[in-house]
Amino acid sequence: MTKLFTLILILLAGLPDLQCHVTTADHEMLVLEGQSVTFPCHYEPQYASYVKYWCQGRMREFCTSLARTGDAGAAQPGEKVSAVDDQVQQVFTVTMNNLTEADSGWYMCGVEIGSGWTADVASFVYIRVIHGLSTVNNQLRGEEGSSVTFECLYSERYRETAKKWCRAGDWSSCVVTGSDGRYEDASVALSDDRIGSVAVTLKKLQTRDTGWYWCSVGEHKLSVHVQATPPTAPAESLTSTLTPDQAAADPPPGLITGQSGSSHIPETLLVCSSLTFLAITVVLAAKLWKMRSKEALTDLEQSENTVLTSPFDFSRSSVSVGGAGGLTEGNSRGEVSHAVTV
């Protein structure tokens, strides 16, 4: 029973790590010596009011605290480590300045749960501080005739060292910054800020400028590819100047002139006349058919009356002749009989 209870406590302690977590942008970062780096640590909404911390190490018990929310005094610009907690966006942002190779190692961004039985919610990142050169983008493109600028970043130890810019495979093309950190001619310009960056500007690009170059400081070289592209053709003007004769002969689309409108009048009249004639024909045909039907009905009724009534109907007449000879005519069945008495 004791072992089972212990196992349950261990599972409960690890439950927050399964359900909730803190995330950083990267799990490993390379940073040049002397440069600064910023880490956004995102946490879940339920931890908005909790204490957040940033420390160096992999285990909370042996992690060296570097920044912590709620500490007295706000971080001042230029400090080694500073942190800001945005509870609306749920992000704890840490900035480390002027890094050296000694700063390389594991770091922890965590939320302090405050319970002896519950582990803190945390995420880890490894920082590797190196010396040498780096760049954000080593692929440059520009139109012929334009200028492009490349930024070559170097570590702190090379701040006072001369910087070189050369075309790959051609040592004679190398140009070097002077004591003021600058160099400029008709095709290229170098400007060293003496902090950690040298800007290289290629002027008036030509097709022959396409190829590989390198930025150099000390024993380090960084390759850069430059490509000069054909200039974009200017958009053609959609408007043009027309003489009065051209405008009359070829009116712009959508413009209805007097001639173009009158050319449709005969067609319109023809269509309307045809429709009117068709309507009149239909009405006359209907009236004629109605008159014909009435006459046929009248003829039918008259023929029926002729069959039922005969001109020799004796149903209401009777003739009797008396005397020596008598004639009696009756119509009980529509018959005529003669009786003679002597």
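Me: Buried means under 20% relative accessible area, exposed over 50%, and partly exposed is in between. So is Arg194 buried, exposed or partly exposed?

Reply: Arg194 is partly exposed, because its relative accessible area is 26% and that falls between the two cut-offs. Keep in mind that this is a predicted model.

Me: Where is Arg194 found?

Reply: In a loop. Strand E16 (188-192) comes before it and strand E17 (197-202) after it.

Me: And what is phi of Arg194?

Reply: Near 65 degrees. That is a positive value, and the residue is not glycine. Most residues other than glycine have a negative phi.

Me: What about Lys204, what is its phi?

Reply: Positive too, near 40 degrees. Lys204 sits in the loop between E17 and strand E18 (211-217).

Me: Is Lys204 buried or exposed?

Reply: Exposed, because its relative accessibility is 60% and the cut-off is 50%.

Me: Let's go into E17 itself. Is Val198 buried or exposed?

Reply: Val198 lies in strand E17. It is buried, because its relative accessible area is 1%, under the 20% limit.

Me: Which residues is Val198 in contact with, leaving aside neighbours within four places in sequence?

Reply: Phe150, Glu151, Cys152, Tyr154, Lys163, Ser191, Asp192 and Cys215.

Me: Take Cys215. How many residues apart are Val198 and Cys215 in sequence, and what is the C-alpha distance?

Reply: They are 17 residues apart in sequence. C-alpha to C-alpha, the distance is 9.2 Å.

Me: New topic, pockets. What is the volume of the largest pocket?

Reply: About 300 Å³. It is lined by 17 residues. The closest to its centre are Ser187, Val188, Leu202, Asp209 and Tyr213.

Me: Which strand supplies the largest share of the lining?

Reply: E13, with three residues. Strand E13 spans 163-167. Strand E14 (170-176) also supplies at least two lining residues.

Me: What is the lining made of, by class?

Reply: Eight nonpolar, three polar and six charged residues.

Me: Switching to Tyr43. Where is it found?

Reply: In the loop between strand E3 (37-42) and strand E4 (51-56).

Me: And is Tyr43 buried or exposed?

Reply: Buried, because its relative accessible area is 6% and the limit is 20%. Tyr43 is 80 residues from Ser123 along the chain, with their C-alpha atoms separated by 9.8 Å.

Me: Zoom out. How many helices and strands are in the chain?

Reply: Four helices and 21 strands. The chain has 342 residues, and 26% of them are buried.

Me: How many of the contacts between residues at least 6 apart join residues at least 24 apart?

Reply: Of those contacts, 57% do.

Me: What area does the chain expose?

Reply: About 23,500 Å². Carbon and sulfur atoms supply 59% of that.

Me: Last thing, confidence. What does the pLDDT average?

Reply: The average is 74, and 65% of the residues score at least 70. Over residues 1-20 the pLDDT is below 50, and this stretch has 14 contacts in the model beyond near neighbours in sequence. Residues 251-265 are also below 50. That stretch has two contacts beyond near neighbours in sequence.

Technical notes:
Residues are numbered from 1 along each chain as its sequence is written. This is a predicted model: local features need pLDDT of at least 70, side-chain atom pairs count only at pLDDT 80 or more; totals for chains, interfaces and linings use all residues. Side-chain values use heavy atoms; hydrogens and water are left out. Buried means under 20% relative accessible area, exposed over 50%, partly exposed in between (1.4 Å probe, protein chains only). Contact means heavy atoms within 4.5 Å. Accessible areas come from the Shrake-Rupley method with a 1.4 Å probe; for residues, only the protein chains shown count as cover. pLDDT is the predictor's confidence in each residue, from 0 to 100. On a 1 Å grid over the protein atoms alone, a cavity is a set of points where a 1.4 Å probe fits but cannot get out, and a pocket is an open set with protein on both sides within 12 Å along at least five of seven lines; lining residues have an atom within 4 Å of a point. Grid points are joined across faces, edges and corners, and a volume is the space filled by probe spheres set on the points. Ala, Val, Leu, Ile, Met, Phe, Trp, Tyr, Cys and Pro count as nonpolar, Asp, Glu, Lys and Arg as charged, and the others, Gly among them, as polar.
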